[in-house]
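Work through the exercises below with the sequence and the model side by side. Each task is followed by a solution that goes step by step.

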Amino acid sequence: MNPLAAQGFRCPVCGRGLELCPGRLACSRGHSFDLAREGYANLLPVQKKHARQPGDSPLMVEARRRFLEGGNYALFAQALADLAADLARPGQPFRVMDAGCGEGYYDRALLPALVQKTGDARLIGFDISKEAVRLAARAQKEQAAFAVASCFAAPVRDGWADLAVNVFAPFAREEYLRTLRPGGWLIYAVPGPDHLFGLKEVLYDTPYRNPCRQVEYPGFVQQADLPVSGQITLRGPQIPDLFAMTPYYWKTPRQGAQKLQEREELITPIQFRFLVYQKKT
Ligand SMILES: C[S@@+](CC[C@H](N)C(=O)[O-])C[C@H]1O[C@@H](n2cnc3c(N)ncnc32)[C@H](O)[C@@H]1O
Ligand SMILES: [Zn+2]
């Protein structure tokens with residue numbers, strides 16, 4: 001776990017700051033959280049754990065890791081890293097919180113870009129899925145700080161973050177407002193209208209495009225809405241990997257899933273919208 005990034009953690013029990021000690025994080029009231037072998041901490045209080053295995057299952061996490069490592073969303077990682085780097089200033093420390101970080105794919109693009117820009121970038125990533133956090137932490141053990149935690153009880157100190165990132169994860173406005181400094185940024189990535197339309201055409205008789213909503217969030221001013229689009233061609237096991245990391249996996253009728261299984265190739269548009277908000281000062 002990166003000691004500078006870890007300074008941003010707060011105790012999930014009492015809310016005081018956590019200190020990184022050998023092998024654990026601890027607060028001044030004696031609450032202590034052991035680090036796992038991969039260097040992450042479990043900061044999800046037992047009473048907040050509503051399922052035995054909350055968040056994405058190991059199967060979904062591993063499918064996402066394989067799919068992303070195949071480079072299929074590289075254009076989104078690059079766009080996010082460029083966007084974040086534009087918000088940072090050379091020579092000024094920059095602190096990022098990735099809420100619902102999954103297996104850390106975007107963090108592996110964000111952090112090097114921000115270190116290059118500022119010389120001092122710190123990243124905390126957390127997710128409610130332990131398997132996702134395990135993979136994220138293993139890949140950036142010394143560089144960043146990861147924890148198992150919920151977006152709705154972020155394990156991060158008030159006003160710590162310059163930037164909060166949410167890529168396709170549950171939205172927690174109040175926690176972003178609490179953890180961001182005044183004037184801090186929120187980048188919220190949501191699916192664009194055409195995202196995965198080629199996949200939906202196979203799964204559904206009448207596929208719909210994603211709605212293009214404009215949402216105002218009290219406490220924030222929207223500064224940009226940047227669409228990033230591409231097209232991918234998937235073959236073999238990459239097709240079920242994509243399916244397993246989408247919400248369609250759970251709600252597609254068997255007939256649609258069967259049709260997808262029979263495909264040897266899938267061509268689909270991909271499209272993210274990066275919504276950029278700034279916390280009011
Ligand atoms: C679609 S995935 C996106 C993961 C990552 N941001 C990415 O794009 O690769 C959604 C993630 O949100 C996590 N998640 C779901 N509910 C959550 C919660 N209440 N708090 C934190 N993470 C949550 C899931 O475990 C999953 O990793
Ligand atoms: Zn405490």
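**Exercise 1. Find the polar partners of ligand 1, and state how much of the ligand the protein buries.**

Start with the backbone: a nitrogen atom of ligand 1 lies 2.8 Å from a polar backbone atom of Gly100, and a nitrogen atom of the ligand is 2.9 Å from a polar backbone atom of Val167. Then turn to side chains, where an N or O atom of Ser150 is found 3.4 Å from a nitrogen atom of ligand 1. Taken alone, ligand 1 exposes 600 Å², of which the protein buries 87% (accessible areas come from the Shrake-Rupley method with a 1.4 Å probe, and for residues only the protein chains shown count as cover). Finally, list the surroundings: 19 residues surround ligand 1, and the closest are Asp56, Gly100, Asp127, Cys151 and Val167 (a residue is near a molecule if one of its heavy atoms lies within 4 Å of it).

Before going on, note that this is a predicted model, in which local features need pLDDT of at least 70 and side-chain atom pairs count only at pLDDT 80 or more, while totals for chains, interfaces and linings use all residues. Residues are numbered from 1 along each chain as its sequence is written, chains are lettered from A and ligands numbered from 1 in the order in which they are written, and side-chain values use heavy atoms, with hydrogens and water left out.

**Exercise 2. Describe the site of the zinc ion (ligand 2).**

First identify the donors, which are Cys11 (SG), Cys14 (SG), Cys27 (SG) and His31 (ND1), at 2.2 to 2.3 Å (donors are N, O and S atoms within 2.8 Å of the metal, or 3.2 Å for Na, K and Ca). Next check the angles among the four donor atoms, which run from 98 to 118° and make the site tetrahedral (four donors count as tetrahedral if all angles lie between 85 and 135 degrees). Along the chain, the donors follow the spacing C-x2-C-x12-C-x3-H.

**Exercise 3. Locate Arg122 and describe its surroundings.**

Arg122 has its place in strand S6 (residues 121-127) (strands are DSSP runs of type E with at least two residues, numbered from the N terminus). With a relative accessible area of 11%, Arg122 is buried (under 20%, with a 1.4 Å probe and protein chains only). The side chain of Arg122 makes a polar contact with that of Asp120 at 3.0 Å (a pair of N or O atoms within 3.5 Å; within protein, one must be able to donate a hydrogen and the other to accept it, and residues adjacent in sequence count only if both atoms are side-chain atoms).

Definitions and conventions:
Tetrahedral: all angles 85-135°; square planar, octahedral: opposite > 155°, others 65-115°. Helix = DSSP H or I, 4+ residues; strand = E, 2+ residues; numbered from the N terminus. Buried < 20%, exposed > 50% of the residue type's maximum accessible area, 1.4 Å probe, protein only.
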